[in-house]
Amino acid sequence: MARKFFVGGNFKMNGTIASIKEIVQNLNNATLDPNVEVVIAPPALYLLLVRDSIKNGVEVAAQNVWNKPNGAYTGEISVSQLKDSNINWTILGHSERRTILAESDEVVSSKTKFATENGVSVIWCCGESLAEREAGNTISVVSGQLEALKSQVSDWSRIVIAYEPIWAIGTGKVATTEQAQEVHAAIREWLKKEVSQKVADETRILYGGSVTEKNSKDLSKQPDIDGFLVGGASLKPAFVDIINSKQ
Ligand code: PGA
């Protein structure tokens with residue numbers, strides 16, 4: 001089964017009602033490659049605005065979700081609230097949450113488990129810091145993050161993996177096509193060895209970190225790059241070009 005190319009837009013903590021309406025209008029007016037799955041993740045406050053106004057065929061994701069049913073968890077959003085709002089995706093484990101909000105592998109894995117078991121698909125992020133890359137530890141860091149995920153998760157059909165080297169996020173320093181492909185191939189090999197051939201064949205592995213319309217075409221040609229998670233450029237009209245970059 002061919003893996004459907006996937007492009008996610010992570011707006012992070014950016015935008016206003018006016019600017020987000022503009023992004024939605026731009027996507028609604030654009031011709032998007034029907035062979036690409038597109039999922040956009042606005043800040044929580046704007047999820048319903050986007051859900052209600054985006055055209056059919058573009059899905060909406062939260063940027064985070066909690067690992068318990070509804071209850072006394074001030075400031076959190078539940079999986080059932082997402083589903084109630086027809087939001088069927090969430091990002092989890094983004095490096096900004098792992099580092100700034102100190103989310104551990106275990107917390108990220110438990111949230112991924114709760115979401116996938118309750119019907120919300122997950123863009124699960126992993127990736128190494130610059131120091132870890134320079135020390136030659138990229139593959140072991142990413143494997144460790146995957147191990148933690150595997151220890152809690154069994155339904156891989158609801159997971160899309162985003163490999164996002166921390167040093168490439170928001171820095172303008174994109175990984176070379178070779179650097180990205182090398183890690184993507186290692187992730188796929190890990191899935192084959194540690195989960196199954198089927199999961200390795202079917203799981204989309206996205207690249208994230210300073211993706212733009214200028215570098216997306218070359219990256220998309222790599223055999224193990226199945227799409228992108230786009231931050232800054234997802235706020236710009238050129239996001240459409242990234243979505244349509246797969247030849
Ligand atoms: P960037 O962010 O495209 O702005 O580098 C990517 C991400 O954090 O998902």
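**Figure 1. What the buried side of helix H7 packs against in this predicted model.** The buried residues of H7 pack against helices H4 (95-99), H5 (105-117), H6 (130-134) and H8, and also against strands S5 (121-126) and S6 (159-163). Which residues are they? Thr138, Val141, Val142, Ser143, Gln145, Leu146, Ala148 and Leu149 make up the buried set in H7. The helix covers residues 138-150, and its length checks out: 13 residues at 1.5 Å each should span 18 Å, and the end C-alpha atoms are indeed 18 Å apart. As a general reminder, an α-helix has 3.6 residues a turn, so residues three or four places apart point the same way.

**Figure 2. A closer look at Thr138 in helix H7.** Is Thr138 buried or exposed? With a relative accessible area of 8%, Thr138 falls under the 20% cut-off and so counts as buried. Setting aside neighbours within four places in sequence, the contacts of Thr138 are Glu128, Glu132, Arg133, Tyr163 and Val183. Val183 also turns up among the buried residues of H8.

**Figure 3. Helix H8, residues 177-194.** This helix passes the length check too: its 18 residues should span 26 Å at 1.5 Å a residue, and the 25 Å between the end C-alpha atoms agrees with that. The buried residues here are Thr177, Ala180, Gln181, Val183, His184, Ile187, Arg188, Trp190 and Leu191. Just before the helix, in the loop between S6 and H8, sits Thr171. At 45% relative accessibility, Thr171 counts as partly exposed. For a sense of scale, the C-alpha atoms of Thr171 and Val60 are 25 Å apart in space, with their positions 111 residues apart in sequence.

**Figure 4. The largest nonpolar core and its best-connected members.** The core holds 61 residues, and Ile187, Tyr207 and Phe228 touch the most other members. Helix H8 supplies the largest share, five residues. Apart from this core lies another, of 12 residues, including Val39, Ile91, Val160 and Leu206. Zooming in on Phe228, what does it touch, not counting residues up to four places away in sequence? The list runs to Phe5, Phe6, Val7, Gly8, Leu206, Tyr207, Val211, Ser216, Leu219, Ser220, Ile242 and Ser245. Leu206, a member of the other core, is thus on the contact list of Phe228. In soluble globular proteins generally, nonpolar side chains tend to be buried together.

**Figure 5. The largest pocket.** Its volume comes to about 460 Å³. Out of 18 lining residues, Lys12, Met13, Gln63, Asn64 and Arg97 are the closest to the centre. By type, the lining splits into nine nonpolar, five polar and four charged residues.

**Figure 6. Lys111 and Glu103, in contact with each other.** Lys111 belongs to helix H5, while Glu103 sits in the loop between H4 and H5. Lys111 has a relative accessibility of 1% and so counts as buried. Glu103, at 11%, counts as buried too. Beyond neighbours within four places in sequence, Lys111 is in contact with Asn64, Val65, Trp66, Asn67, Leu92, Arg97 and Glu103. On the same basis, Glu103 is in contact with Asn64, Arg97, Arg98, Val108 and Lys111. Asn64 and Arg97 are on both lists, and both are among the residues closest to the centre of the largest pocket. How far apart are the C-alpha atoms of Glu103 and Gly93? They are separated by 7.6 Å, with the two residues 10 apart along the chain.

**Figure 7. Two positive phi angles outside glycine: Asn86 and Ser210.** Asn86 has a phi of about 60° and lies in the loop between helix H3 (79-84) and strand S4 (89-92). With 41% relative accessibility, Asn86 counts as partly exposed. Ser210 has a phi of about 55°, and its loop links strand S7 (205-208) and helix H10 (216-220). Ser210 has a relative accessible area of 18%, so it counts as buried.

**Figure 8. Ser53 in helix H2 (residues 47-53).** Ser53 counts as partly exposed, at 33% relative accessibility. Leaving out residues up to four places away in sequence, Ser53 touches Val24 and Asn28. Val24 is 29 residues from Ser53 along the chain, and their C-alpha atoms are separated by 7.1 Å.

Notes: Residues are numbered from 1 along each chain as its sequence is written. This is a predicted model: local features need pLDDT of at least 70, side-chain atom pairs count only at pLDDT 80 or more; totals for chains, interfaces and linings use all residues. Side-chain values use heavy atoms; hydrogens and water are left out. On a 1 Å grid over the protein atoms alone, a cavity is a set of points where a 1.4 Å probe fits but cannot get out, and a pocket is an open set with protein on both sides within 12 Å along at least five of seven lines; lining residues have an atom within 4 Å of a point. Grid points are joined across faces, edges and corners, and a volume is the space filled by probe spheres set on the points. Ala, Val, Leu, Ile, Met, Phe, Trp, Tyr, Cys and Pro count as nonpolar, Asp, Glu, Lys and Arg as charged, and the others, Gly among them, as polar. A nonpolar core is a set of buried Ala, Val, Leu, Ile, Met, Phe, Trp, Tyr and Cys residues joined through side-chain atoms within 4.5 Å. Buried means under 20% relative accessible area, exposed over 50%, partly exposed in between (1.4 Å probe, protein chains only). Helices (H or I, at least four residues) and strands (E, at least two) are DSSP runs, numbered from the N terminus. Contact means heavy atoms within 4.5 Å. The expected span of a helix is 1.5 Å times one less than its number of residues.
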